[in-house]
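Student: Please pick one part of this structure and go through it slowly. I would like to see how its pieces sit together, and then what the charged side chains around it do.

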Amino acid sequence: PFNPDSSVQVREAFQLLGYDLPSVSVDALAVADIRPEHREAYVTPLLEYRKASKLLSAFGRPLPQYVGPDRAIHANIRPVGTASGRPTASEPNVLQLPRDKAFRRLVVAPPGHRVVVADYSQMELRILAQLSGDAAMIRAFAAGEDIHAATARAMFGNAFGDEERAVAKTLNFLICYGGGASNLMAQVAQRGIALSLAEAKSFIERWQQGFAQAWAWLERTRHQVRRTGEARSPWGRRRGFEPGTNLEERMRSGANHVIQAANADITLLAMAAVDRQIAPWGAWVALQIYDELVVICPAERAGDAAQVVESAMVGAASKLLVDVPAKVSVAVGDSWAVKE
């Protein structure tokens, strides 16, 4: 019988179709030169199977063993678990719970309570705009424009559609994280968009030209990390690198640390402010997922809690974002899935 979990059998199957693939990993299949009809018939179902299998093994089967006598899961959460100040969790890792509604519906409000979910919109890009002083980015955010649409317009002109915006969105975050053309190809391929290496390089070059100040800041920060062996956030959160660390990885991670740590500290400030104000109502912050907060509150105070959460998050962000407005999206419902 064919075993889709066997890389040997999957390679042999593609050989029967006329493709001698050096690797059948997710990233390799995403960018492989495979005819559209074969991609639709074989690659897409295989990738969907792998995604479902991974979710089932990581979360579907293990979750029930963590349910306590009170029918709740009490994960081990460390609010400052990394050098950047971001949280970590284990037993289980609830921070990695998929965004799929099937999973987020599992986080429900107790009887008589509601769930308030709030997250920052495009915060890391807003931080990049503030720290770099990039005029084009700042103008887009100040005007309330969708930054991914602004990027698509800069790259493709006014006649852009959903596919071009998807490429622009992927590219915006990829640049922040220090990725290159091959990373761009692989990530957009998973969205069903095929790019050649030349096209991917061209898009990155257009981004560098369209947001020249942001790119220059990233380059300066990377080279500063290369010289000093450390990176520091705007509020001093430090990440050091051992001398033997790969130079490219040090530069990439260092620049990302500055942005990520700023984002983490803003969210921690917001969480502390929210907790102080909602605790007297018998409400609490149940989860912090990077720059998203999940609050449980009595049903009669749900509207008040939503206002407090939004105000606190905007207020925390304004301590760093002077030239760029913060945007927070808030929703109230019976489960964490209300936000999706």
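**A sheet, its helices and some charged pairs**

Tutor: Start with one pair: V116 stands opposite V295 in β7. This is a predicted model, where local features need pLDDT of at least 70 and side-chain atom pairs 80 or more, while totals for chains, interfaces and linings use all residues. Residues are numbered from 1 along each chain as its sequence is written, and side-chain values use heavy atoms, without hydrogens or water.

Now widen the view. Strand β3 (residues 113–120) and strand β7 (residues 292–298) run antiparallel, and seven bridges join them. Strands are DSSP runs of E, at least two residues, and helices are runs of H or I, at least four, both numbered from the N terminus. Two strands pair if DSSP finds at least two bridges between them.

The whole sheet is open and has four strands. Their order is β6-β7-β3-β8, and the pairing is antiparallel. At the edges stand β6 (284–289) and β8 (328–333); each has a single partner strand, so one side of each is left without a neighbour in the sheet. On average, neighbouring strands are turned by 20° against each other, direction ignored.

Helix α12 packs on this sheet and touches β3, β6 and β7. Its direction makes about 170° with that of β6. Helix α13 (residues 302–318) lies across β3, β7 and β8, at about 20° to β3. Contact means heavy atoms within 4.5 Å. Axes are lines fitted to C-alpha atoms, for helices over the stretch in contact, and angles between N-to-C directions run from 0 to 180 degrees.

Next, look at charge. Side chains of opposite charge can pair when their charged atoms come close. A salt bridge puts a side-chain nitrogen of Lys or Arg within 4 Å of a carboxyl oxygen of Asp or Glu. The whole structure has 12 of them.

Stay with α12. D265 meets R237 in a salt bridge, 2.6 Å from N to O. R237 lies in the loop between β4 (230–232) and β5 (238–240), and D265 in helix α12 (residues 247–278), so the pair ties together parts 28 residues apart in sequence. D265 is buried at 10% relative accessible area, whereas R237 is partly exposed at 23%. Buried means under 20% relative accessible area, exposed over 50%, and partly exposed in between (1.4 Å probe, protein chains only).

E249 and R252 also form a salt bridge, with the closest N and O atoms 2.9 Å apart. Both lie in α12, three residues apart, about one turn of the helix. E249 is partly exposed at 33%, and R252 is partly exposed at 28%.

Another pair is E230 with R232, also bridged at 2.9 Å. E230 has 22% relative accessibility and is partly exposed; R232 is partly exposed at 44%. A network of salt bridges links E230, R232 and R238.

Finish with R126, in helix α5 (residues 123–132). R126 is buried yet has no salt bridge. The nearest side chain of opposite charge, D146, is 8.0 Å away. Lys and Arg count as positive, Asp and Glu as negative; His and the chain ends are not counted. The side chain of R126 reaches the backbone oxygen of S121 at 2.7 Å. Leaving aside residues up to four places away in sequence, R126 touches several residues, among them F141, L321 and K327.

Notes. A polar contact is a pair of N or O atoms within 3.5 Å; within protein, one must be able to donate a hydrogen and the other to accept it, and residues adjacent in sequence count only if both atoms are side-chain atoms.
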